[in-house]
Amino acid sequence: MLLCDIGNTSFHFYDDKQGRDYREDAAAFDPAGVRVPVYYINVNAALQSRLDGLENWTDLRPAIDWHDYYATMGIDRVAACEAVEEGVIVDAGSAITVDVVRGGRFEGGFIYPGVSALLETYRRISPRLDSSFNFDMQLDKMPKNTRDAISYGALGLLAKEVSGYGLPVYLTGGDASLLMPLFSTPNYAPLLLFSGMKKIIQKAGLC
């Protein structure tokens with residue numbers, strides 16, 4: 001089974017048989033060159049025209065039971081939610097999405113600026129706030145320096161909110177590894193979305 005998560009900059013593939021993932025640049029990749037069956041999700045509407053008419057590419061959007069989700073929710077978030085029965089999913093990319101799942105049902109979530117966007121926000125406020133984040137800060141102590149103060153304000157409060165649900169925390173997305181020190185027992189799951197895609201396929205009886 002070949003799965004594909006199509007984003008703004010890449011086609012991210014997961015070959016279930018070989019257990020490996022790889023990326024193709026969205027600007028140059030031609031999906032017509034793939035001859036095997038592919039199950040995909042797509043958040044990049046500009047790329048959809050390349051997929052239309054390709055019989056071996058199957059869009060998973062129609063296979064999802066949208067009852068528990070809202071219509072404008074990103075399909076990548078839906079796929080990640082489908083992967084877990086209980087937990088808080090933190091997908092750290094250009095934005096940080098936080099979604100809560102209990103008993104296999106999506107309870108809701110929120111969207112936070114990504115790490116780069118947060119740093120840029122501080123940078124625009126004042127040159128004195130132009131700093132990197134301290135991901136190893138101690139969240140049980142109030143900060144006493146500028147770097148820790150912006151780290152706590154941006155990420156410390158986010159970590160406390162996420163931990164406050166009392167559920168397992170799943171970290172995925174490109175910046176997931178950066179956020180690991182903020183949680184006591186996080187589950188690092190860079191391929192979580194593909195696990196959700198496989199469950200969607202199984203539920204729909206597609207494979």
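The structure, a predicted model, holds 12 aromatic pairs. In one of them, Phe 13 faces Tyr 22. The ring centres of Phe 13 and Tyr 22 are 5.2 Å apart, and the planes meet at 15 degrees, so this pair counts as stacked. The cut-off for stacking is an angle under 30 degrees. The two partners differ in exposure. Phe 13 is buried, with a relative accessible area of 1%. Tyr 22 is partly exposed, at 24% relative accessibility.

A second pair joins Tyr 14 and Phe 194. Here the centres lie 5.5 Å apart and the planes stand at 25 degrees, so the rings of Tyr 14 and Phe 194 are stacked too. Tyr 14 belongs to strand β2 (residues 10-15), whereas Phe 194 belongs to helix α6 (residues 192-204). The pair therefore ties together parts that are 180 residues apart in sequence. Both Tyr 14 and Phe 194 are buried. Aromatic rings also gather in a cluster. Ring pairs link its members, which are Phe 11, Phe 13, Tyr 22, Phe 29, Tyr 40 and Trp 57. Phe 13 and Tyr 22, the stacked pair described above, are thus part of this cluster.

The next element is a sheet. It is open, has 5 strands and shows mixed pairing. The strand order is β8-β7-β6-β9-β10. At the edges stand β8 (105-113) and β10 (187-188). Each of these has a single partner strand, so one side of each is left without a neighbour in the sheet. Helix α2 (residues 75-82) packs on the sheet. This helix touches β6, β7 and β8, and its direction makes about 130 degrees with that of β8.

Strand β6 (residues 87-92) sits between β7 and β9 in the strand order. All 6 of its 6 residues are buried, so β6 is largely enclosed by the rest of the structure. The side chains alternate in direction. Gly 87, Ile 89 and Asp 91 point one way from β6, while Val 88, Val 90 and Ala 92 point the other way. Residues on both sides are buried.

Two strands pair with β6. One is β7 (residues 95-102), which runs antiparallel to β6 and is joined to it by 6 bridges. Asp 91 of β6 stands opposite Thr 97 in β7. The two strands form a hairpin, with 2 residues between them. The other partner is β9 (residues 169-172). It pairs with β6 in the parallel sense, over 4 bridges. Within this pairing, Ile 89 has Tyr 170 of β9 as its bridge partner. Strand β9 continues the sheet towards β10. These two strands run parallel and are joined by 2 bridges. Tyr 170 appears again here, standing opposite Asn 187 in β10.

Charged side chains add further links. The count comes to 8 salt bridges. One of them joins Asp 68 to Arg 105, with the closest N and O atoms 2.8 Å apart. Asp 68 lies in the loop between β5 (57-59) and α2, and Arg 105 lies in strand β8. This salt bridge therefore ties together parts that are 37 residues apart in sequence. Both residues are partly exposed. For Asp 68 the relative accessibility is 26%, and for Arg 105 it is 46%.

Another salt bridge connects the sheet to the helix that packs on it. Asp 99 pairs with Arg 77, and their closest N and O atoms are 2.4 Å apart. Asp 99 is in strand β7 and Arg 77 is in helix α2, so parts that are 22 residues apart in sequence are tied together. Asp 99 and Arg 77 are both buried.

A third example lies within helix α3 (residues 115-125). Arg 123 forms a salt bridge with Glu 120, the closest N and O atoms being 2.6 Å apart. These two residues are 3 residues apart in α3, and about one helical turn separates them. Each is partly exposed, Arg 123 at 34% relative accessibility and Glu 120 at 29%. The pair also belongs to a network of salt bridges, in which Glu 120, Arg 123, Arg 124 and Asp 130 are linked.

Notes. Residues are numbered from 1 along each chain as its sequence is written. This is a predicted model: local features need pLDDT of at least 70, side-chain atom pairs count only at pLDDT 80 or more; totals for chains, interfaces and linings use all residues. Side-chain values use heavy atoms; hydrogens and water are left out. Buried means under 20% relative accessible area, exposed over 50%, partly exposed in between (1.4 Å probe, protein chains only). Two strands pair if DSSP finds at least two bridges between them. Rings of Phe, Tyr and Trp (its six-membered ring) pair if their centres lie within 6.5 Å; planes under 30 degrees apart count as stacked, over 60 as edge-to-face and the rest as tilted. Contact means heavy atoms within 4.5 Å. Axes are lines fitted to C-alpha atoms, for helices over the stretch in contact, and angles run from 0 to 180 degrees between N-to-C directions. A salt bridge is a side-chain nitrogen of Lys or Arg within 4 Å of a carboxyl oxygen of Asp or Glu.
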